Amino acid sequence: MVAADFVVVANRLPVDRVEGPDGEVGWRTSPGGLVAALEPMMRNVNGAWVGWAGQADTEMEPFENGGINLIPVPLSASEVAEYYEGFANDTIWPLYHDVIAPPQYHREWWDAYETVNRRFAEAAVAAVAQDGTVWVHDYQLQLVPQMVRELRPDVTIGYFHHIPFPAHGLYAQLPWRDQVLRGLLGADVIGFQRAQDATYFLTAVRRRLRYEVKGAHVTVLEADGSTRTAVARAFPISIDTAPYIELAQREDVKARAAEIRASLGNPARILLGVDRLDYTKGIRHRIKAYGELLAEGRLKVEDVTLVQVASPSRERVDAYVHLRDEIELAVSRINGDTDTMGHTAIRYLHQGYPREEMVALYLAADVMLVTALRDGMNLVAKEYVATRADNRGVLVLSEFTGAADELRQAVRVNPHDIEGVKDAIMTAVEMSPSEQSRRMRSLRRRVLDNDVDAWSSSFLKALAEVHPR
Ligand code: G6P
């Protein structure tokens, strides 16, 4: 493969390798917002994407998929357990999401994290052309920027952090806090979702490493005594709006939305939640609030249905196993107490769906509930808004999401405040069409004017400014 001028490095490739029952190999779009956001940008540049294909112990040659050059990085079964399920998803993920679940600190996991980060850095370095650009993504690969710089000082390095960065009081728990900061500071530009994330990061840099910080600029002290400047600031990520707008206009998708409504018994209001099944998403809080509204008679099962899509995620990590049990118990209790033969309170779907079906669901939903306890951005909120061309529908949005900084006309909630969530649901269910339209118009303007192209352009522009060629 020829050296690429532009290399993306992310834990996952945009597609996962899946094996059918007879061993036949197929490809499936990878889960989560990161891939959804990056894929459109990569189609437009002549670059390469370094990542894991989602399966342990599988060695694969580089290949092309959907017009993107993919360079697979292999992980052994023990590395999947220690680097991915362990350090990434049972240490960093809960710590960076404000310790909603207790982070586990294990030295062997850290060792595996370092080993695997080095493998990703070496794969990126092998792929990138002289004076090229490497763009590293997310919390699984925080050491890669520094490792790439050590191997290849000619390369321009960007890093984007898709999840929150915690306040210093929490970050300070991490036994490897200084190593992680130095790893990130290998980048020329370190991007965050919210201004608050960048501020927390810069505070940690000042307090832990004692580097000089002026505004967004950090004076990084290298091992040889030289200094250079790194920039850390917010670049709120977004979605590729065009496919959502197009799908929402398609007659077959509209017909599917009507079919979904009919199959639920044409309730007066459909509420929708769409999340990976993750403890950060506030699914339990949402269900609790909704269940109480039904129990108190403020909502009637004949009039409303909550459709909750909870796509399977990280199913071998204990916290996720417990969460699934809790949610499924809560859903079946509420349904058992309130369902009639013709109406269900909650239609719960532990499945992932293609984009067409998601857009049909967005069109069918009168109210979208995004009640995350902490979320880097939350692209589902932006997807819902993008599909609502008729300016109908209400977005209920947690103030602890990155999206809340931008989507000011949503009905805002503190998901910990169950009474507040109940009131927000009632406000959304009862909102007049004119008020819906006033709010949705402004939300749509924001999302359509700030799409994923605007996001990647502004990041790459900042990178070019720090590291001019
Ligand atoms: C979030 C993270 C991504 C991650 C995705 C799916 O969006 O920011 O880095 O890829 O969740 O999680 P998974 O563990 O399946 O990759």
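**Exercise 1. Find the largest nonpolar core and work out where it lies.**

*Solution.* Start with the term: a nonpolar core is a set of buried Ala, Val, Leu, Ile, Met, Phe, Trp, Tyr and Cys residues joined through side-chain atoms within 4.5 Å. Buried means under 20% relative accessible area, exposed means over 50%, and partly exposed is in between (1.4 Å probe, protein chains only).

Step 1: the largest such core has 103 residues, and F120, L185 and F201 have the most contacts inside it. Its largest share, 11 residues, comes from helix α3 (residues 107-127). Helices (H or I, at least four residues) and strands (E, at least two) are DSSP runs, numbered from the N terminus.

Step 2: domain 1 (4-237 + 453-466) and domain 2 (241-449) both give residues to this core, so it lies between them. Those bounds come from an automatic or database domain assignment.

Step 3: zoom in on L185. Leaving out residues up to four places away in sequence, L185 touches I190, F201, V205, L209, Y211, V218, V220, R228 and A230. Contact here means heavy atoms within 4.5 Å.

Step 4: look for a second core. Apart from the one above lies another, of 68 residues, including W49, L397, A403 and L443.

Before going on, keep in mind that this is a predicted model: local features need pLDDT of at least 70, side-chain atom pairs count only at pLDDT 80 or more, and totals for chains, interfaces and linings use all residues. Residues are numbered from 1 along each chain as its sequence is written, and side-chain values use heavy atoms, with hydrogens and water left out.

**Exercise 2. Describe how the two domains sit relative to each other.**

*Solution.* Step 1: take the centres over C-alpha atoms; those of domain 1 and domain 2 are separated by 30 Å.

Step 2: check the contacts. On the domain 1 side, 25 residues are in contact with 23 residues of domain 2.

**Exercise 3. Which residues come nearest to the ligand, and how much of its area does the protein cover?**

*Solution.* Step 1: there are 14 residues around the ligand, and R12, Y84, D138, Q140 and R314 come nearest. A residue counts as near if one of its heavy atoms lies within 4 Å.

Step 2: go through the polar pairs, meaning N or O atoms within 3.5 Å; within protein, one must be able to donate a hydrogen and the other to accept it, and residues adjacent in sequence count only if both atoms are side-chain atoms. R12 has a polar side-chain atom 2.6 Å from a ligand oxygen. For D138, an N or O atom in the side chain is 2.6 Å from an oxygen of the ligand. With Q140 the corresponding distance is 3.1 Å.

Step 3: on its own the ligand has 380 Å² of accessible area, and the protein covers 92% of that. These areas come from the Shrake-Rupley method with a 1.4 Å probe; for residues, only the protein chains shown count as cover.

Step 4: ask which helices help. Both α1 (33-43) and α2 (77-96) supply at least two residues of the shell.

**Exercise 4. Are D275, D278 and E64 buried or exposed?**

*Solution.* Step 1: D275 lies in strand β13 (residues 269-276). With 7% relative accessibility, D275 counts as buried. Its side chain makes a polar contact with that of Q308, at 2.9 Å.

Step 2: D278 sits in the loop between β13 and α10 (283-295). D278 is buried too, with a relative accessible area of 1%. The side chain of D278 makes a polar contact with the side chain of Y320 (2.7 Å). Beyond four places in sequence, D278 touches W93, I283, R314, Y320 and L323.

Step 3: E64 belongs to strand β5 (residues 63-65). E64 has a relative accessible area of 56% and is exposed.

**Exercise 5. How is helix α13 covered, and what caps its N-terminal end?**

*Solution.* Step 1: count along α13 (residues 379-387); nine of its nine residues are buried, so the helix is mostly covered.

Step 2: N378 is the cap, with a side-chain oxygen 3.2 Å from the backbone nitrogen of V380. N378 sits in the loop between β16 (367-370) and α13, and at 6% relative accessibility N378 counts as buried.

Step 3: check the backbone. Phi of N378 is near 85°, a positive value in a residue other than glycine.
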